[in-house]
Amino acid sequence: MNTIRYDFRSDTVTKPSAGMRAAMAEAEVGDDVFGDDPTVKRLEQRMAAMLGKDAAIFVPSGTQSNLLALMSHCGRGDEYIAGQDAHLYSHEAGGAAVLGSIQPQPIAHQADGTMDLGDIEKAIKPDDHHYARTTVIALENTFGGKVLPVDYMTQVADIARRHDLGLHLDGARAFNACVALGTDIKIFTAPFDSVSICLSKGMGAPVGSVLIGRQDLIDKARRHRKMLGGGMRQSGILAAACLYALDHNIERLAEDHRRARRLAEGLAAFPSLKVVMPDTNIVFVDVEDRLGTRFADFLESRGVGALGYGRQRWVTHLDVTDDDVDGALAEVASFFRLGAEAAFSRQ
């Protein structure tokens, strides 16, 4: 396995800083399943206050946080509406269906990442015993690194309220969206009954997400968390890392966004690469078909970590420096030098 020198695979690869490790080592802990861990309680109370919601629950992962939200909104045989490429529909192993007996109703995305409002409304089932009962609409923001407009989220919330549906936000990178918009997280999440926020991505914690929302939903989520094996005992050690992240790593997300733009502009200089300019910290790159596999293999051989072949995803994060961006771009340039790609194809 080649050593990765420049790791753009995901913002989940970050390692705890020295300050974060010190906070973890000094954390006051108790048994959180018994409700005895003071550091977990502080994290949950802080997140609820930041978002202006009733309560919050600390969980191991974003996948579990989304699943708990859907299971708290829905009963067996109910239905949730989400985007065709939404993470909680397409990348969470079908957990809502398998573990929650909840039927998904996927909706196609438009070019900007939104779902057509008319399509959402048409997908809501009538009150008829032949159909699964539509119970909640789920949005994702950011979506593929795109920041969906706050006005759009408000319009979807209006649909949900008219039909007496719940509204959930997969806000794994909600802080990235808020930094990009210059908006407070409380305003950003105001329309939602439940919000999932991941602290182990750009925020830099080693483990953990928080589900925030109405008291009745969080009470149900706590029971479901136990059912799914998500109750962690002296988890204040992990919650301390998340509290440190909230104290130190929100505003600095702007640096990740700046580096992503710099990376995107550098990659766009090569005609064989079609680059989608980023809103936040995720850069998508379409590579010419004739080069896809060779280009990816070349980058791997040079210690550049990025996901994908024909379409690549590059993600900046707190462990990526300006020098890392420059180093990765230098390796890309070496591939496109006269004869370089041909030479590599003969290796």
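This tour moves through a predicted model, from its sheet to its cavities and its largest pocket.

**The sheet**

Begin by selecting the strands in the order β2-β8-β7-β6-β5-β3-β4, which together form an open sheet of seven strands with mixed pairing. In general, the strands of a sheet pair through backbone hydrogen bonds, either parallel or antiparallel. Colour residues 55–59 and 103–107 next: these are the edge strands β2 and β4, and each of them pairs on one side only. Viewed along the sheet, the twist from one strand to the next averages 20 degrees.

**Strands β2 and β8**

Keep β2 selected and add β8, residues 209–213. The two strands run antiparallel and are joined by five bridges. Which residue of β8 is the bridge partner of I57? Selecting L211 shows that partner.

**A helix across the sheet**

Now display residues 38–51, which make up helix α2. This helix lies across β2, β7 (194–198) and β8, and its direction is at about 130 degrees to that of β2.

**The cavities**

How many cavities of 30 Å³ or more does the structure hold? There are two.

For the largest cavity, with a volume of about 60 Å³, select its lining: G83, A86, H109, G113, M115, A138, L139, E140, F143, L148 and Y152. Strand β5, residues 133–140, gives the most to this lining, with three residues. Colouring by class shows seven nonpolar residues, three polar and one charged.

For the second largest cavity, of about 40 Å³, select A172, R173, A174, F175, N176, C198, K201, G202, M203 and L253. Here helix α8 (residues 174–181) provides the largest share of the lining, three residues. By class, the lining of this second cavity comprises six nonpolar, two polar and two charged residues.

**The largest pocket**

Finally, turn to the largest pocket, which has a volume of about 950 Å³. Of its 39 lining residues, select E140, G144, I282, F284 and R313, the closest to the centre of the pocket. E140 was also selected earlier, as part of the lining of the largest cavity.

Which elements each supply at least two residues of the pocket lining? They are α3 (62–73), α4 (87–90), β7, β10 (282–287) and β12 (311–315). Strand β7 is already familiar as one of the strands that helix α2 lies across. Colour the whole pocket lining by class to end the tour: eleven residues are nonpolar, 18 are polar and ten are charged.

Methods:
Residues numbered from 1 in each chain as written. Predicted model: local features only at pLDDT ≥ 70, side-chain atom pairs only at ≥ 80, totals over all residues. Heavy atoms only, no water. Pairing = 2+ DSSP bridges. Helix = DSSP H or I, 4+ residues; strand = E, 2+ residues; numbered from the N terminus. Axes fitted to C-alpha atoms, helices over the stretch in contact; angles between N-to-C directions. Contact = heavy atoms within 4.5 Å. 1 Å grid on protein atoms, 1.4 Å probe; cavity = no way out; pocket = protein on both sides within 12 Å on 5 of 7 lines; lining within 4 Å. Points joined across faces, edges and corners; volume = space filled by probe spheres on them. Nonpolar A, V, L, I, M, F, W, Y, C, P; charged D, E, K, R; others polar.
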